[in-house]
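Subject: Structure handover

Hello,

Here is the structure I said I would pass on. My notes on it follow below the display.

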There are 2 protein chains.
Amino acid sequence: MEISQVAKKSGVSASTLRFYEEKGLISSIGRQGIRRVFGPNVLERLELIALGRAAGFSLDEIAGILGNEAKPEIDRELLLRKANELDGTIKKLTAMRDGLKHAAACTAPSHLECPRFRRLMNLAGTGAIKGLTTNKK
Amino acid sequence: MEISQVAKKSGVSASTLRFYEEKGLISSIGRQGIRRVFGPNVLERLELIALGRAAGFSLDEIAGILGNEAKPEIDRELLLRKANELDGTIKKLTAMRDGLKHAAACTAPSHLECPRFRRLMNLAGTGAIKGLTTNKK
DNA sequence: CTACAACTTCAAGTTAACTTTAAGTCAAGC
DNA sequence: GCTTGACTTAAAGTTAACTTGAAGTTGTAG
């Protein structure tokens, strides 16, 4: 497959594919003239990368995890650690969500006068809720 | 208070405080010579900013929400929208976590042969799980 | 044969939220 | 009166994950 085929099938743009190759995340099976040729397993690999990204791994981490073997064996302990990390994130976000919902419904004249909102502010201020972002767009 | 006092009390570094001021997120009450002087309500303001960040607002969004009034009144509908957004994020992360936990425990010889792991990969690949990041460090 | 779309490389640009650096100001202590 | 340390500004640097741009190459359709 040519790069545009891979792009179309995977939903990953050609420039990103080149970027991923440069980073060692994927590799082409060879060249036809100057053009990259990819094997079909690159699609699986791209799904693994997407999975890793969704789980919160950086590209560098993913490169380390997947290695350069065709059939990567992923460390189960690592998965568990990441699952637990996600668990913590989920708990914090849940506290956040509940606090926001309350604040939206609260009858206090100002949010600043709502004790629950204050608690939430305090939580956020102390950094108890940290390391969370939702991407732009 | 001088900037270092605010930094110490809030846990926000002096350079960040200047940066926030430049962005219009906070403001000093005046100057003593060349040095900024902050009023006590800047601390509350910083907590609100931290709360907003934790909820996934960008600094620009927060600036828009808080305005430049001393006692900001925050749009309840906006809070609710953000709460719902968080709800979606939580659901995705939960699916993710469960998938990872399963994959870690799964007895299939390779993750690639576990149907549940494949489903997870597919989810991530289609972008059903998207717009999520956990910050570095 | 020639045009053209799709590829190629390499370098530089983008965004967010800061941090770092260089050069300067200023009040206080010795 | 000089040093010190905490402040000041403005500009440049940082990081991640890409995207964009410029300039060149190639297979194919007409």
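By class, five nonpolar, five polar and six charged residues make up the surface near DNA strand C. Please keep in mind throughout that this is a predicted model.

DNA strand C

There are 16 residues around DNA strand C, and those that come nearest are A:Ser4, A:Arg35, A:Arg36, B:Thr16 and B:Tyr20. Of the atoms of this strand that come within 4 Å of the protein, 80% belong to sugar and phosphate.

Three polar contacts to phosphate oxygens of DNA strand C can be listed:
- A:Arg36 has a polar side-chain atom 2.6 Å from a phosphate oxygen of the strand.
- B:Ser13 places an N or O atom of its side chain 3.0 Å from a phosphate oxygen.
- B:Ser15 has a polar side-chain atom 2.9 Å from a phosphate oxygen.

The elements that give two or more residues to this surface are α1 (3–10) and β2 (35–37) of chain A, together with α2 (14–23) of chain B. Of these, α2(B) gives the most, with four residues.

DNA strand D

Which residues come nearest to DNA strand D? They are A:Thr16, A:Tyr20, B:Ser4, B:Arg35 and B:Arg36, out of the 19 residues around the strand. By class, the surface near DNA strand D divides into six nonpolar, six polar and seven charged residues. Sugar or phosphate accounts for 78% of the atoms of DNA strand D within 4 Å of the protein, and bases for the rest.

Again there are polar contacts to phosphate oxygens, among them these:
- The side chain of A:Ser13 has an N or O atom 3.0 Å from a phosphate oxygen of DNA strand D.
- For A:Tyr20, a polar side-chain atom lies 2.8 Å from a phosphate oxygen of that strand.
- For B:Arg36, an N or O atom of the side chain is 2.6 Å from a phosphate oxygen.

At least two residues of this surface are supplied by each of α2 (14–22) of chain A and α1 (3–10) and β2 (35–37) of chain B. The largest share, four residues, comes from α2(A).

The two chains

How are chains A and B related? Chain A is superposed on chain B by a rotation of 180° with 0.0 Å of shift along the axis, at an RMSD of 0.1 Å. That is the relation of a two-fold axis. The same surface serves both copies, and 98% of the contact residues of chain A recur in chain B.

One residue to look at here is B:Asp87, in helix α5 (residues 76–105) of chain B. B:Asp87 touches A:Arg97 and A:Lys101, leaving aside residues up to four places away in sequence. Is B:Asp87 buried or exposed? Its relative accessible area is 14%, under the 20% limit, so B:Asp87 counts as buried.

The nonpolar core

In soluble globular proteins, nonpolar side chains tend to be buried together. The largest nonpolar core here has 78 residues, and A:Ile49 and B:Ile49 touch the most other members. Leaving aside residues up to four places away in sequence, A:Ile49 touches A:Tyr20, A:Leu25, A:Ile26, A:Leu59, A:Ile62 and A:Leu66. One of these, A:Tyr20, also has the polar side-chain atom 2.8 Å from a phosphate oxygen of DNA strand D.

Another contact of A:Ile49, A:Leu66, is found in helix α4 of chain A. A:Leu66 counts as buried, at 4% relative accessibility. With residues up to four places away in sequence not counted, A:Leu66 touches A:Arg45, A:Leu48, A:Ile49, A:Pro72 and A:Ile74. The C-alpha atoms of A:Leu66 and A:Gly52 are separated by 9.8 Å, and the two residues are 14 apart along the chain.

Helix α4 (residues 59–66) of chain A also holds A:Ala63. A:Ala63 is partly exposed, at 23% relative accessibility. Its C-alpha atom is 8.6 Å from that of A:Ile49, 14 residues away along the chain.

Finally, A:Arg45 lies in helix α3 (residues 41–54) of chain A. This charged residue is buried, with a relative accessible area of 12%. A polar atom of the A:Arg45 side chain lies 2.9 Å from the backbone oxygen of A:Leu25. The residues that A:Arg45 touches, beyond four places in sequence, include A:Gly24, A:Leu25, A:Ile26, A:Leu66 and A:Glu69.

Regards

Notes:
Residues are numbered from 1 along each chain as its sequence is written. Chains are lettered from A and ligands numbered from 1 in the order in which they are written. This is a predicted model: local features need pLDDT of at least 70, side-chain atom pairs count only at pLDDT 80 or more; totals for chains, interfaces and linings use all residues. Side-chain values use heavy atoms; hydrogens and water are left out. Copies are superposed by least squares on the C-alpha atoms of residues with pLDDT of at least 70 in both. Contact means heavy atoms within 4.5 Å. A residue is near a molecule or strand if one of its heavy atoms lies within 4 Å of it. A polar contact is a pair of N or O atoms within 3.5 Å; within protein, one must be able to donate a hydrogen and the other to accept it, and residues adjacent in sequence count only if both atoms are side-chain atoms. Buried means under 20% relative accessible area, exposed over 50%, partly exposed in between (1.4 Å probe, protein chains only). A nonpolar core is a set of buried Ala, Val, Leu, Ile, Met, Phe, Trp, Tyr and Cys residues joined through side-chain atoms within 4.5 Å.
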